Amino acid sequence: MQLRAFDLSRAKTGFFLTALDALTLFPLCRVERVATNPEEGFQRQLDAPRAKRIAKYLEDRVIPGAIVLSTQDAHPATFDHKTGTLTLSDSPGSLLVIDGQHRLYGAKIAADVPGGPNTMLPVCILTGLSLADEVQYFIDINSTAKGVPKTLRIELTKFLVSQDSIEDIRLRLFKELNAEADSPLCGKLSAEQKGPGYLSHVPFEIAINKILAGDLLKDLEYPQKKALIKNYLHGVYANLLEAGLPQKLTQSAFFQAIFRVFDKACDSALLLRKNFKPESFEYVFEALLRVNFEYHTGTNDEAINNLERDLIDKLDLDKKSKISNDLF
């Protein structure tokens, strides 16, 4: 088999970049897995659902990453520098998969569907490797790649979301609440992982998505949604300042818990003050002054649930107390 290729070789390693369609490439490849070849295998078990997801993805998209393969001594590759031609054996299993088995299988699944795409796959072919070299390349490729942080992935969805969807509204809120000087979250939101003092997209999404879909906010225009959320945050932050705990506002567990009681706190504001102004929420969240935050130190779901329950108890107690006082 002869293919047009680029020679990117260096040192003692042959390195050739070419492309093959999925149906031609698949039978040439073999995967040595630890489970079936303990002596020489190094690949993971095939994740069939993952391969099927890749096949679905390939229906209308491309995957630009190259499949990395290694030739074997029994089936050497040769390259003609004059013609830029790479000659490979066409024997089944003559190419060992170092990286990309799921892309390879996904492309084969997609091509086997009647009318499905027989995708052209970028292929990197390495020559002259020992088994130790092949294993080392596998480890290097799969252990040094760094995934995109979730908070950055959420930030990047701004290019993909539908206008006025919950995701679009939440991303606008994140940007504007971070930029506006009168926002308690001004300068405290980060699309990156900055650490203490900053709140990332992840807890913001968890907290805000639910209330945006709730009965209270879903039918409001965007300026009203933002005004209500901002006033709510003002009420919370004013009491955190009085308690000497302003840093709580950007702590993930606290932020999620405080928005789990959003509906109840809004009901209290209407009942006690007849409006959603900042001072009404400041009045409602005096309940925070009676929370023992030394007890609420965790960050997992159980800790968030415990803080939510404590906030509900304090809000209920304050509401009853304030109504009683107002009656006499």
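**Group meeting talk: salt bridges, strands and a surface patch**

Let me begin with one residue, Glu180, which has a relative accessibility of 21% and therefore counts as partly exposed. Before I go on, please keep in mind that what we are looking at is a predicted model.

Which lysines does Glu180 pair with? One of them is Lys226, since the side chains of these two residues meet in a salt bridge in which N and O lie 2.6 Å apart. Glu180 sits in the loop between helix H6, residues 166–179, and strand E10, residues 189–190, while Lys226 belongs to helix H8, residues 222–242, so the pair ties together parts that are 46 residues apart in sequence. Glu180 also forms a salt bridge with Lys230, and here the closest N and O atoms are 2.5 Å apart. Lys230 lies in helix H8 as well, and because Glu180 is in the loop between H6 and E10, this pair ties together parts that are 50 residues apart in sequence.

It is worth asking whether these two lysines are buried or exposed. Buried means under 20% relative accessible area, and Lys226, at 15%, counts as buried. Lys230, with a relative accessibility of 9%, counts as buried too. If you are wondering about the background, side chains of opposite charge can pair when their charged atoms come close. In this model the pairing extends into a network of salt bridges, which links Glu176, Glu180, Asp182, Lys226 and Lys230.

While we are in helix H8, let me point out Asn231, which lies in that helix and, at 18% relative accessibility, counts as buried. Once its neighbours within four places in sequence are left aside, the residues in contact with Asn231 are Phe276, Lys277, Pro278 and Phe281.

The salt bridges in the model come to a count of 16, and I would like to show you one more of them, which sits within a helix. Asp112 forms a salt bridge with Lys108, with the closest N and O atoms 2.6 Å apart. Both are in helix H3, residues 101–112, and because they are four residues apart there, about one helical turn separates them. Asp112 itself is partly exposed, with a relative accessible area of 46%.

Now let us turn to the strands, starting with an open sheet of three strands in the order E1-E7-E6, with antiparallel pairing. Strand E1, residues 2–4, and strand E6, residues 78–80, stand at the edges and have a single partner strand each, so one side of each is left without a neighbour in the sheet. From one strand to the next, the twist averages 25 degrees. If you look at E6 and strand E7, residues 85–87, you will find three bridges pairing them in the antiparallel sense, and Thr85 in E7 is the bridge partner of Asp80.

How many of the residues of strand E8 are buried? In E8, which covers residues 95–99, five of the five are buried, so this strand is largely enclosed by the rest of the structure. Strand E4, residues 29–30, pairs with E8 in the parallel sense over two bridges, and there you can see Arg30 standing opposite Leu96 in E8. Strand E5, residues 67–71, is joined to E8 by four bridges, and these two strands run antiparallel; in this pairing, Asp99 in E8 is the bridge partner of Val68.

Next, the start of the chain. Met1 has its place in the segment before E1, and at 29% relative accessibility this residue counts as partly exposed. Apart from its neighbours within four places in sequence, Met1 is in contact with several residues, including Leu20, Thr24, Leu28 and Leu86. Between Met1 and Arg309, which are 308 residues apart along the chain, the C-alpha atoms are separated by 69 Å.

Finally, a look at the surface, where Val148, Leu152, Leu156, Phe159 and Leu160 form a nonpolar patch with about 510 Å² of accessible area together. Leu152, one of its members, has its place in helix H5, residues 150–156. With a relative accessible area of 33%, Leu152 is partly exposed.

To finish where I started, the residue to take away is Glu180, which forms salt bridges with both Lys226 and Lys230.

Key:
Residues numbered from 1 in each chain as written. Predicted model: local features only at pLDDT ≥ 70, side-chain atom pairs only at ≥ 80, totals over all residues. Heavy atoms only, no water. Patch = residues over 30% accessible without salt bridge, like charges linked within 9 Å, V, L, I, M, F, W, Y side chains within 5 Å. Areas by Shrake-Rupley, 256 points an atom, 1.4 Å probe, with all protein chains shown as cover. Salt bridge = Lys/Arg side-chain N within 4 Å of Asp/Glu carboxyl O. Buried < 20%, exposed > 50% of the residue type's maximum accessible area, 1.4 Å probe, protein only. Pairing = 2+ DSSP bridges. Axes fitted to C-alpha atoms, helices over the stretch in contact; angles between N-to-C directions. Contact = heavy atoms within 4.5 Å.
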